[in-house]
Amino acid sequence: MAFYTKTALGSCTVNEVCAARLLSDTSYDVVFSKGGSLALLTISDDGELESVHEENIFGNIFAVARLATADGPLRDHLIVTSDSGLLSIVAFDAGAGRFVARSRITIARPGAHPSNLGHVLAVCEGSAVAVAAREGQVAVFSYRPSTEGLPALGPPVRYLEQG
């Protein structure tokens, strides 16, 4: 027997907020994560938030953070974790008008169990990305901005497990 579920209404609760240079390399935009969607907003000249794009993506989002690009005229990327068990590096493709996953790393089995990595995310610009579970474990990945435009995450350099 199989079950299929679909959410009738999208979430209006903002779970995470992140500022990043996604539309321009000279100004910051705002990204909201709401359930299973990312919303990109820009700040108008009079200080108002204007919606640019909203898109459902893989699973329910746990955390979103900015991955800065190297110095120069490059746009930032986002690092996103979700109950899909993936850590994804995401960019906004203005030409296609959508978010594009540029890289994915499996960090946990799919699901929202508190011991799965991905619930908590922290970025130390230019050096490391830490991904933690709500209980029990932390993985730290080396990170370096790339001049070619795609940030590079190395394998976990440190893996801590409680207990």
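In which strand is the place of Leu41? Leu41 belongs to strand 3, and its surroundings are described in the third legend below.

The model is predicted, so local features need pLDDT of at least 70 and side-chain atom pairs count only at pLDDT 80 or more, while totals for chains, interfaces and linings use all residues. Residues are numbered from 1 along each chain as its sequence is written, and side-chain values use heavy atoms, with hydrogens and water left out.

**Figure 1. Overview of the protein chain, which holds zero helices and 12 strands.** Helices (H or I, at least four residues) and strands (E, at least two) are DSSP runs, numbered from the N terminus. Along the sequence the pattern reads β-β-β-β-β-β-β-β-β-β-β-β. Among the 163 residues of the protein chain, 43% count as buried; buried means under 20% relative accessible area, exposed over 50%, and partly exposed in between (1.4 Å probe, protein chains only). The accessible surface amounts to about 9100 Å², with 51% belonging to carbon and sulfur atoms; accessible areas come from the Shrake-Rupley method with a 1.4 Å probe, and for residues only the protein chains shown count as cover. Of the contacts in the protein chain with a separation of 6 or more, 33% are between residues 24 or more positions apart; contact means heavy atoms within 4.5 Å.

**Figure 2. The open sheet with strand order 1-2-3-4.** The pairing of these four strands is antiparallel, where two strands pair if DSSP finds at least two bridges between them. Strand 1 and strand 4 (49-56) stand at the edges with a single partner strand each, so one side of each has no neighbour in the sheet. Direction ignored, neighbouring strands of this sheet are turned by 20 degrees against each other on average; axes are lines fitted to C-alpha atoms, for helices over the stretch in contact, and angles run from 0 to 180 degrees between N-to-C directions. Strand 3 (residues 37-43) and strand 4 run antiparallel and are joined by seven bridges. Ser37 has Asn56 in strand 4 as its bridge partner.

**Figure 3. Close-up of Leu41 in strand 3.** Leu41 counts as buried because its relative accessibility is 11%. Neighbours within four places in sequence aside, Leu41 is in contact with Asp29, Val30, Phe32, Leu49, Glu50, Ser51 and Val52. From C-alpha to C-alpha, Leu41 and Asp29 are 6.0 Å apart in space, although 12 residues apart in sequence.

**Figure 4. Close-up of Ser24 in the loop between strand 1 (16-20) and strand 2 (29-34).** With a relative accessibility of 19%, Ser24 counts as buried. The side chains of Ser24 and Thr26 are joined by a polar contact of 2.8 Å. A polar contact is a pair of N or O atoms within 3.5 Å; within protein, one must be able to donate a hydrogen and the other to accept it, and residues adjacent in sequence count only if both atoms are side-chain atoms. Not counting residues up to four places away in sequence, Ser24 touches Asp29 and Arg75.

**Figure 5. The open sheet with strand order 5-6-7-8.** This sheet of four strands has antiparallel pairing. Strand 5 (61-67) and strand 8 (98-106) are at its edges, each with a single partner strand, so one side of each is left without a neighbour in the sheet. From one strand to the next, the twist averages 25 degrees. Eight bridges pair strand 7 (residues 86-93) with strand 8 in the antiparallel sense; Asp93 has Arg98 as its bridge partner, and Ile89 stands opposite Ser103. The two strands form a hairpin with four residues between them, and Gly97 in the turn has a positive phi of about 70 degrees.

**Figure 6. Close-up of Ser88 in strand 7.** Ser88 is buried, its relative accessible area being 0%. Beyond neighbours within four places in sequence, Ser88 is in contact with Phe58, Leu78, Ile79, Val80, Ser103 and Arg104. The C-alpha atoms of Ser88 and Leu78 are 8.0 Å apart, with the residues 10 apart in sequence.

**Figure 7. The largest nonpolar core, of 17 residues.** A nonpolar core is a set of buried Ala, Val, Leu, Ile, Met, Phe, Trp, Tyr and Cys residues joined through side-chain atoms within 4.5 Å. Ile79, Val129, Val131 and Leu153 touch the most other members. Two or more residues come from each of strand 5, strand 7, strand 10 (128-132) and strand 11 (137-144). A second, separate core of 14 residues includes Leu22, Val64, Val90 and Phe99.
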